[in-house]
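User: I am new to this structure and would like a close look at one helix and its surroundings. Please take me through how that part is packed and what lies around it.

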Amino acid sequence: MIRIANGQGFWGDWLEAPVRLVEQGPIDYLVLDYLAEVTMSILQKQKQEDPNLGYARDFPPLIGRLSKQLKERGIKVIANAGGVNPVACARAVIKAAPGLKVAVVHGDDVFDRLDDFLAKGYEMRDMDTGEVLSSIRSRILSANAYIGAFPLAEALATGADVVIAGRSTDTALTLAAMVHEFGWKADDWDKLAAGTIAGHIIECGAQCTGGNCQLDWENIPDMADIGYPIIEAEPDGSFTVTKHSGSGGRVNTDTVKEQLLYELGDPRHYITPDCVADFTSIQLSDSGPDRVHVSGIRGGPRPPTLKLSISFTGGWKAIGTLVYSWPQALPKAKAADRIVRQRLQKLGLQFEEIYTEFFGVNACHGPVAPPVTDPPEVQLRIGVRGHDRKAVDRFTRELIPLVLNGPPGATAFGEGRPPVREIVAYWSALLPREEITTSVEVIS
Amino acid sequence: MKKPLSSIAHTRSGDKGDSSNIGVIAFRADDYPVLLREMTPERVKAFFGELVKGEVERFELPNLGAINLLMHGALGGGGTVSLRVDAQGKTYGAALLRMEIELD
């Protein structure tokens, strides 16, 4: 049995979580997931400004902080912290933790190969809209193929203490430890599916240990010291989800079910580079305090394609707010919204969308929100987006004047004009997997 | 007898591009058939009204006593494009708890 812990569900997750996982009990592998879909484009921009950046900068100081314990106890780290510059990330790790052996996985970054792919006739149509990639070619910021668990396992086989990947799948980080330890083969579909589902359960950190848990949330113990998840994996593919004893939070079949359904599409076909996992085969049972046993998982062959994650510029947007107080807070906020729209129209400004929400009334749930009568205050929130930056910029000048020239009782304008932000949009496409070749490099 | 969904199930929701998914989990295995009967894609789409522009797909997970509702065109463009405060559908699962269903 090996213990695989996840200490980071996204870049920006709790800094103390990985430290507590190492300090509060036994683990063999620490996996850290840093990359959301839009993160790659942010990192690409950072690399363009400084060739030594483009990775998750929280990662090297974390490894520096943990290096002594990682070395003494033989804990291996697997992280997709490399972003678009895994070698720079590895160098920073070595600087922060000189005694550790660090390996990186190459091959996911296809930004420089897109024209080659297009020339070969790959249209790389968007999986949502069906449009061809050539329609946005000049606006592309980053392009990466999702890498599976086997290249990461190959990196572990070098004896590395820390494995750094770029755009690996979130689930591959967990599965890689099992492939490496148990010697699973590329066509062990059921076992690969089991490791993939273990990865899915822990990839969002505390979301399977009582965090963001709707059921009985008021009574989940000691959330201030919530334990992050640990998989106790067996060579046959069965595993137990748990957390360190003494930590806060809760692990039971309810908390695990909520996370199993998180960001799920077709449960019979959960497609990864390693296999296709069947979520309808999962058998869960409570097997002790804060322990859930998982078994019975089946999987099918990996797909002939890999998914590309492509980011591109999609215009500009700005979102501004004002607060209206009682009495008649909602009618005042609605009047202000009408006035802003009239003024934008008279200025002749064109937007792709203007969208208004009223915080305290309907912002989260729109028409489904329960009715409110005469609330003590309402926040007006108006957003615009479009490809004309000047129009979006002009919009940001239209809210604050309402404090003096609109309905009475407006406040909370102290932040000034809202910022104009460039939209980084996301494109996903499929590419034959033989076009992607990965390699492992030990950095010294 | 009409009751809100919250009387028999809990939910979790999130995003997949411009789609949002809601996992609906029955508290008791006995209530799974009620979920199947009452939580049809058509009713869920009608419940959300203008928030969901596209179709609603429903997938069954009898092993978990759960259904997965995949709602297309539900996030105003999704991710970074959307102007909505809940651009990732994180609160849609909670919204669905108010849906009235017929209990046996």
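Analyst: In this predicted model, the buried residues of helix H7 in chain A pack against four strands, S1 (2-6), S2 (29-32), S3 (76-79) and S7 (230-233), and also against the helices H6 (149-156) and H8 (189-202) of chain A. The helix itself spans residues 170-182 and is mostly covered, with eleven of its 13 residues buried. Those buried positions are Asp170(A), Thr171(A), Ala172(A), Leu173(A), Thr174(A), Leu175(A), Ala176(A), Ala177(A), Met178(A), Val179(A) and His180(A). Just after H7(A) comes Gly183(A), which takes a positive phi of about 65°.

The strands that H7(A) packs against, S1, S2, S3 and S7 of chain A, belong to an open sheet of ten strands with mixed pairing, in the order S11-S12-S8-S7-S1-S2-S3-S6-S4-S19. At its edges are strand S11 (283-288) and strand S19 (439-443) of chain A, each of which pairs on one side only, and the twist averages 25° from one strand to the next.

Elsewhere in this sheet, strand S8 (residues 239-242) and strand S12 (residues 291-295) of chain A pair in the antiparallel sense over three bridges, and Val241(A) has Val292(A), in S12(A), as its bridge partner. Another helix, H9 (residues 253-260) of chain A, lies across S8, S11 and S12, running at about 145° to S11(A).

As for the wider setting, chain A is divided into domain 1 (2-108 + 146-302) and domain 2 (310-427), and the C-alpha centres of these two domains lie 39 Å apart.

Terms used
Residues are numbered from 1 along each chain as its sequence is written. Chains are lettered from A and ligands numbered from 1 in the order in which they are written. This is a predicted model: local features need pLDDT of at least 70, side-chain atom pairs count only at pLDDT 80 or more; totals for chains, interfaces and linings use all residues. A residue is buried if 20 or more other C-beta atoms lie within 10 Å of its own, exposed if 12 or fewer, and partly exposed in between; C-beta atoms are placed from the backbone. Helices (H or I, at least four residues) and strands (E, at least two) are DSSP runs, numbered from the N terminus. Two residues are in contact if their C-beta atoms, placed from the backbone, lie within 7 Å. Domain bounds come from an automatic or database domain assignment. Two strands pair if DSSP finds at least two bridges between them. Axes are lines fitted to C-alpha atoms, for helices over the stretch in contact, and angles run from 0 to 180 degrees between N-to-C directions.
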